[in-house]
Amino acid sequence: GGTTLEDLLEPPKVKPMCFLKQKNEFLPPFSELRHLSLAKNKISDDEELLAVCLFPALIKMTIYKNPLILCPGTASWR
């Protein structure tokens with residue numbers, strides 16, 4: 001047996017993005033992520049950071065050297 005045209009055209013098998021923790025309990029990707037560095041990216045709008053809300057264990061996010069403009073009087077993000 002060789003590889004057929006049908007084999008080549010079949011979409012690749014992809015692993016699911018959720019991980020089984022216990023029977024019938026799934027975790028979202030990166031659910032254990034505690035520190036995220038987005039330093040030196042091109043983040044210019046705070047709405048681009050909303051996805052970090054999906055990481056329940058996140059306790060620290062680094063965003064320095066981005067073109068993000070903070071509101072007047074705001075020294076840092078917490």
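**Exercise 1.** Which backbone oxygen lies 2.6 Å from a polar atom of the side chain of N66? Work out the surroundings of N66 too.

*Solution.* Before we start, this is a predicted model, where local features need pLDDT of at least 70, side-chain atom pairs count only at pLDDT 80 or more, and totals for chains, interfaces and linings use all residues. Residues are numbered from 1 along each chain as its sequence is written, and side-chain values use heavy atoms, with hydrogens and water left out.

- Step 1: The oxygen belongs to I63. That's a polar contact (a pair of N or O atoms within 3.5 Å; within protein, one must be able to donate a hydrogen and the other to accept it, and residues adjacent in sequence count only if both atoms are side-chain atoms).
- Step 2: Look for a nitrogen as well: the backbone nitrogen of I43 lies 3.1 Å from a polar atom of the N66 side chain.
- Step 3: Place N66 in the chain. You'll find N66 in the segment after strand 4 (60–62); strands are DSSP runs of E, at least two residues, and helices are runs of H or I, at least four, numbered from the N terminus.
- Step 4: Check the contacts (heavy atoms within 4.5 Å). Leaving out residues up to four places away in sequence, N66 touches L38, A39, K40, N41, K42 and I43.
- Step 5: Buried or exposed? N66 has 15% relative accessibility, so N66 counts as buried. The cut-offs are under 20% relative accessible area for buried, over 50% for exposed and partly exposed in between (1.4 Å probe, protein chains only).

**Exercise 2.** Find the aromatic pair and say what it ties together.

*Solution.*

- Step 1: Apply the rule: rings of Phe, Tyr and Trp (its six-membered ring) pair if their centres lie within 6.5 Å; planes under 30 degrees apart are stacked, over 60 edge-to-face, and the rest tilted. The count comes to one pair.
- Step 2: F30 and F55 make up this edge-to-face pair, at 6.0 Å centre to centre with 85 degrees between the planes.
- Step 3: F30 sits in the loop between strand 2 (25–27) and strand 3 (35–37), and F55 in the loop between strand 3 and strand 4, so the pair ties together parts 25 residues apart in sequence.
- Step 4: Compare the partners. F30 is exposed because its relative accessibility is 54%, whereas F55 is buried at 18%.

**Exercise 3.** Describe the overall layout of the protein.

*Solution.*

- Step 1: Count one helix and four strands.
- Step 2: Read from the N terminus, and the order is α-β-β-β-β.
- Step 3: Of the 78 residues in the protein, 19% are buried.
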